[in-house]
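The following questions and answers introduce a structure to a reader who has not met it before. Please consult the sequence and the structure as each turn is read.

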Amino acid sequence: MLRKSFDQDLQRVRDDVLTLGSMVEDATLKAVAALKARDLKAAREILLADKEINALRFSIESQLMILIATQQPMAHDLRFLASVFEIISELERMGDYAKGIAIINLRMGDEPLLKPLIDLPRMAEKCADMLHRALTAFMEEDVTTARAIPQEDDEVDALYEQIYRELMTFIIADPKVIQRANWLLWAAHNLERLADRVTNICERTVFIATGEIEEMDTKSDEDLLPPE
Amino acid sequence: MEQPLAIEARNLNIYYGDFHAVRDVNLPVYKNKITAIIGPSGCGKSTVLRSFNRMNDLVPGARVEGEVRYRGKNIYDPDVDPVEVRRRIGMVFQKPNPFPKSIYENVAWGARINGYQGDMDELVETSLRAAALWDEVKDKLGQSGLSLSGGQQQRLCIARAIAVRPDIILMDEPASALDPIATLKIEDLMRDLAEQYTIIVVTHNMQQAARVSHYTAFFNLGPQRAGMLEEFGPTEKIFTMPEKKATEDYITGRFG
């Protein structure tokens with residue numbers, strides 16, 4: 001077996017991507033838990049943790065560039081390294097969504113929650129679970145799982161719609177709560193976007209394994225356009 | 001969108017005595033393209049290259065079956081003159097091998113023995129320019145070809161090959177004896193030459209194949225150590241998404 005050290009380097013990249021993913025998963029769950037508990041100290045810790053997420057992303061990026069420059073990767077190795085550039089950028093953005101929820105929490109200051117959070121933690125659980133399994137599929141290059149996970153994005157979207165409708169009824173009933181409703185809506189929107197980025201990771205996993213780019217976004221353009 | 005062919009191996013089998021060196025090769029070579037032949041040592045790359053201008057005729061015990069189609073004819077047909085084949089299909093070797101003669105004579109020699117009637121000075125200049133060597137040697141054409149650096153000698157050999165106006169240039173590891181800068185010069189030159197000529201290059205250097213060629217043929221050792229064509233395709237596809245696992249394993253350094 002040749003290329004022992006290259007294989008070790010690739011494994012280190014894989015491990016670091018998994019670590020980065022775990023940090024993002026953790027930040028997402030903690031951000032929503034802190035919001036639910038109105039725990040401002042925990043929210044500040046999430047802001048600090050995001051700096052570590054960014055630092056790890058740049059460290060992986062630098063490893064990728066060194067490997068490309070020194071190993072001249074081909075075929076699967078090349079697809080892997082090019083895709084990891086994309087995946088770590090997705091993870092870093094997902095970390096920003098978690099940070100965004102922590103910032104909302106801090107901005108709310110002393111204001112109480114408009115309502116007890118039920119669907120938002122469920123949404124966060126679902127997102128974290130999808131991300132976790134997407135990264136496992138990435139590690140194992142499991143194409144079947146990578147193709148299946150984006151289908152679950154509909155559940156996240158459904159929860160988002162539900163939260164949206166619920167908050168609208170609060171606003172209609174009492175327009176004075178607009179600001180407090182908006183905070184929660186922003187948090188929900190962050191989670192909805194986070195789940196979309198899980199789909200991008202799954203697309204990359206399939207590309208690494210097969211060389212084919214498959215669009216996996218389950219939302220069609222028609223769904224996104226306003227009704228005629 | 002099929003490209004025009006310059007030359008093509010069809011069911012090519014090559015033997016050295018009892019040894020079946022190359023088995024059932026079908027390889028299209030497209031006009032004005034650079035085709036790289038890569039593969040592990042002993043897989044028949046150079047043997048196949050040499051079969052494209054009947055250089056194997058000069059190897060004792062070598063025998064060729066199948067066809068090499070060039071301009072609608074099998075170059076191994078009995079009525080084909082191998083000397084004429086080699087004029088149309090030139091060759092550049094691994095180690096630069098200029099004649100121990102002047103730079104001028106190195107280039108003029110092939111044309112002269114082919115009875116070239118035109119302006120020899122002009123032919124020498126055009127060939128040296130085409131080989132990107134003119135500016136470096138124009139003031140010392142009378143000096144020995146052996147006085148040049150390795151990279152210059154190799155470009156002199158390329159000038160010598162193109163002076164007889166071939167269609168196809170075969171290159172057997174043309175840069176393996178050169179330093180990286182001289183190597184890049186040869187690679188640039190190959191790209192320029194491909195506008196006029198068809199080039200087939202055997203190389204051990206995969207990055208070179210990836211950089212310089214339009215098509216790549218990956219040869220591998222088959223049963224009984226016979227060389228065989230494992231995969232052929234556009235270079236960008238071979239190096240990003242090969243179809244065969246053996247190709248993937250070779251280009252990513254898992255064997256060879």
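Q: In which helix is Asp153(A) found?
A: The model discussed here is a predicted one. Within chain A, Asp153(A) belongs to the helix that spans residues 153-173. That element is helix 6 of chain A.

Q: Is Asp153(A) buried or exposed?
A: A residue counts as buried when its relative accessible area is under 20%. The relative accessibility of Asp153(A) is 1%, so the residue falls in that class. Asp153(A) is therefore buried.

Q: Which residues does Asp153(A) touch, not counting residues up to four places away in sequence?
A: Residues up to four places away in sequence are set aside here. With that condition, the residues that Asp153(A) touches are Met130(A), Ala195(A), Asp196(A), Thr218(A) and Lys219(A).

Q: Why is the pair of Phe80(A) and Phe138(A) called stacked?
A: A pair of aromatic rings is described by the distance of the centres and the angle of the planes. Planes under 30 degrees apart count as stacked. The centres of Phe80(A) and Phe138(A) are 5.9 Å apart, and the pair is stacked because the angle between the planes is 15 degrees.

Q: How many residues apart are Phe80(A) and Phe138(A), which link distant parts of the chain?
A: Phe80(A) lies in helix 3 (residues 75-108) of chain A, and Phe138(A) lies in helix 4 (residues 119-140) of chain A. Phe80(A) is buried at a relative accessible area of 2%, and Phe138(A) is buried, also with a value of 2%. Along the chain, Phe80(A) and Phe138(A) are 58 residues apart.

Q: What is the angle between the planes of Tyr215(B) and Phe232(B)?
A: Tyr215(B) and Phe232(B) form a stacked aromatic pair with a centre to centre distance of 5.7 Å. Tyr215(B) is in strand 9 (residues 215-221) of chain B and Phe232(B) is in strand 10 (residues 227-234) of chain B. The angle between the planes of Tyr215(B) and Phe232(B) is 10 degrees.

Q: Which of the terms buried and partly exposed applies to Phe232(B)?
A: Tyr215(B), with a relative accessible area of 12%, is buried. Buried requires a value under 20%, whereas Phe232(B) has a relative accessibility of 22%. Phe232(B) therefore counts as partly exposed.

Q: Which residues form one aromatic cluster with Tyr30(B)?
A: The cluster includes Tyr30(B). Its other members are Tyr215(B) and Phe232(B).

Q: With which side chain does the side chain of Asn13(B) make a polar contact?
A: Asn13(B) is placed in strand 1 (residues 5-16) of chain B, and its relative accessibility of 7% means that it counts as buried. Leaving aside neighbours within four places in sequence, Asn13(B) is in contact with several residues, among them His20(B), Val22(B) and Arg63(B). The polar contact, at 3.0 Å, is with the side chain of Asp24(B).

Q: How much area do chain B and chain A bury between them?
A: The contact involves 14 residues from chain B and 14 residues from chain A. Carbon and sulfur atoms account for 58% of the buried area. Chain B and chain A together bury about 1100 Å².

Q: Which three residues supply 44% of the area that chain B buries against chain A?
A: No other three residues supply more of that area. The three are Gln207(B), Met241(B) and Arg254(B).

Q: How many residue pairs are in polar contact between chain B and chain A?
A: The count of salt bridges between chain B and chain A is zero. Polar contacts, with both residues at pLDDT 80 or more, are present between chain B and chain A. The number of such residue pairs is four.

Key. Residues are numbered from 1 along each chain as its sequence is written. Chains are lettered from A and ligands numbered from 1 in the order in which they are written. This is a predicted model: local features need pLDDT of at least 70, side-chain atom pairs count only at pLDDT 80 or more; totals for chains, interfaces and linings use all residues. Side-chain values use heavy atoms; hydrogens and water are left out. Contact means heavy atoms within 4.5 Å. Buried area is the accessible area (1.4 Å probe) that two parts lose on being put together, summed over both. A salt bridge is a side-chain nitrogen of Lys or Arg within 4 Å of a carboxyl oxygen of Asp or Glu. A polar contact is a pair of N or O atoms within 3.5 Å; within protein, one must be able to donate a hydrogen and the other to accept it, and residues adjacent in sequence count only if both atoms are side-chain atoms. Helices (H or I, at least four residues) and strands (E, at least two) are DSSP runs, numbered from the N terminus. Buried means under 20% relative accessible area, exposed over 50%, partly exposed in between (1.4 Å probe, protein chains only). Rings of Phe, Tyr and Trp (its six-membered ring) pair if their centres lie within 6.5 Å; planes under 30 degrees apart count as stacked, over 60 as edge-to-face and the rest as tilted.
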